Amino acid sequence: MSSTTHGTTPYYFVPNPSRHPVLAAFGLLCVFFGAGQWINGSDWGKYLLAFGMVWFLGVLYQWFGEAVRESEGGQYGHKIDLSYRWSMSWFIFSEVMFFGAFFTALWWARAHAVPDLGNLGNALLWPDFKAVWPSLAAGATGSPAGTVEPFQTMGPFWLPTINTALLLSSGVTLTIAHHALIGGNRGKTIAFMWLTVLLGIVFLCVQGYEYYHAYHELNLKLTSGVYGSTFFMLTGFHGFHVLVGMLMLLFITLRLQKGHFTAERHFGFEGAAWYWHFVDVVWLGLYVLVYWL
């Protein structure tokens with residue numbers, strides 16, 4: 001369905017009524033209800049959670065497949081292209097606000113919360129407490145009240161530095177792939193896209209090993225005070241975004257192999273590239289503020 005058409009492409013494509021939104025909502029309902037029951041001790045909650053995830057992903061597969069068929073069928077004109085660009089821009093803006101909240105929490109904890117705990121009143125209660133960020137003073141990671149086990153902080157060498165090199169390299173390979181697509185060299189585009197996906201997978205593997213190292217060798221856990229909570233929340237959510245971005249690039253690569261996208265029309269590629277470059281920038285902030293300072 002569309003409004004007035006120009007040639008074979010509608011001026012503005014209006015999709016038919018779809019079952020996908022309500023089915024996706026049902027899947028998410030199962031996910032959150034199951035997770036809530038599992039957390040509260042109901043063993044059946046994990047099965048409902050798993051069912052909801054499978055259901056939701058199945059709906060997304062059908063929904064995205066339908067959008068791809070509409071795009072490749074010539075239904076998406078200039079107006080739809082603009083709407084997708086604005087949608088992706090606002091989505092990335094919301095992600096900036098998301099990570100901005102966690103970076104602000106890290107700054108507040110370091111600049112205000114921890115120093116305030118070193119005032120005179122608290123000094124009388126916990127005379128051995130050091131009101132200093134753990135990465136700035138050796139031995140300042142224990143809790144006088146015994147609520148936080150002593151731990152070691154995570155420095156920049158070598159795992160985070162390796163991951164920085166991996167993500168920066170993936171940004172370069174993705175840019176090369178983009179220019180190859182614009183230049184009409186599909187074979188080169190696909191090769192560098194697969195290299196980008198591989199770099200993303202290696203990043204996730206290195207981060208998984210980093211978490212193992214943190215838990216088993218540094219005793220750094222999510223329960224390790226405000227340092228542990230901010231460390232794992234920031235790096236963990238970033239890792240999840242890397243996973244999502246890697247999957248986006250993977251599906252774009254598979255579409256490229258099927259002959260989708262042209263030098264003139266490839267916003268699906270561009271949107272995934274925008275997201276990946278955003279993930280790169282966030283990591284640079286993490287690398288400096290979490291691992292170095």
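# Working chat: salt bridges, α2 and a nonpolar patch

Reader: Quick one to start. C30: buried or exposed?

Author: C30 is buried, at a relative accessible area of 7%. Buried means under 20% relative accessible area, exposed means over 50%, and partly exposed is in between, with a 1.4 Å probe and protein chains only.

Reader: Before I go on, what am I looking at?

Author: The model is predicted: local features need pLDDT of at least 70, side-chain atom pairs count only at pLDDT 80 or more, and totals for chains, interfaces and linings use all residues. Residues are numbered from 1 along each chain as its sequence is written, and side-chain values use heavy atoms, with hydrogens and water left out.

Reader: Fine. And C205, buried or exposed?

Author: C205 counts as exposed, with 53% relative accessibility.

Reader: How many disulfides?

Author: The count is zero. The rule asks for a pair of cysteine sulfur atoms within 2.5 Å.

Reader: Switching to charges. How many salt bridges?

Author: Four. Each needs a side-chain nitrogen of Lys or Arg within 4 Å of a carboxyl oxygen of Asp or Glu.

Reader: What does R255 pair with?

Author: R255 forms a salt bridge with E72, at 3.3 Å from N to O. That pair ties together distant parts of the chain, 183 residues apart: E72 belongs to helix α2 (residues 44-72) and R255 to helix α7 (residues 225-257).

Reader: How are those helices assigned?

Author: They are DSSP runs: H or I over at least four residues for helices, E over at least two for strands, numbered from the N terminus.

Reader: Is R255 buried or exposed?

Author: R255 is buried, at 16% relative accessible area. Its partner E72 is partly exposed, at 39%.

Reader: Which residues form a salt-bridge network?

Author: D81, R85 and E270 are linked that way. R85 meets D81 with the closest N and O atoms 2.7 Å apart. R85 also meets E270, at 2.8 Å from N to O. That second pair spans 185 residues, from R85 in helix α3 to E270 in helix α8 (residues 267-292).

Reader: Where do R85 and D81 lie?

Author: Both are in helix α3 (residues 78-116), four residues apart, about one turn of the helix. An α-helix has 3.6 residues a turn, so residues three or four places apart point the same way.

Reader: What about accessibility in that network?

Author: R85 is partly exposed at 24%. D81 is also partly exposed, at 25%. E270 is buried, at 16%.

Reader: Back to α2. How far apart are its end C-alpha atoms?

Author: They are 42 Å apart, which agrees with the 42 Å expected for its 29 residues at 1.5 Å a residue. The expected span is 1.5 Å times one less than the number of residues.

Reader: Which residues of α2 are buried?

Author: Among them are G45, L49, G52, F56, V59 and L60. The buried residues of α2 pack against α1 (20-39). Contact here means heavy atoms within 4.5 Å.

Reader: What happens just after α2?

Author: G74 takes a positive phi there, about 80°.

Reader: Which residues make the nonpolar surface patch?

Author: F26, L29, F33, W44, Y47, F51 and W55, giving about 750 Å². The elements contributing two or more residues are α1 and α2. The largest share is four residues, from α2. Patch members have over 30% relative accessible area and no salt bridge; nonpolar side chains (Val, Leu, Ile, Met, Phe, Trp, Tyr) are joined within 5 Å, like charges within 9 Å. Areas come from the Shrake-Rupley method with a 1.4 Å probe, and for residues only the protein chains shown count as cover.

Reader: Where is F33 found?

Author: F33 is in helix α1. It is partly exposed, with 43% relative accessibility.

Reader: New topic. What does T253 touch?

Author: Leaving out residues up to four places away in sequence, T253 touches I190, M193, W194 and V197. T253 sits in helix α7. It is buried, at 0% relative accessibility.

Reader: Last one. Where is Y11 found?

Author: Y11 is in the loop between β2 (9-10) and α1. Y11 is partly exposed, at 40%. Its C-alpha is 6.1 Å from that of G77, though the two are 66 residues apart in sequence.
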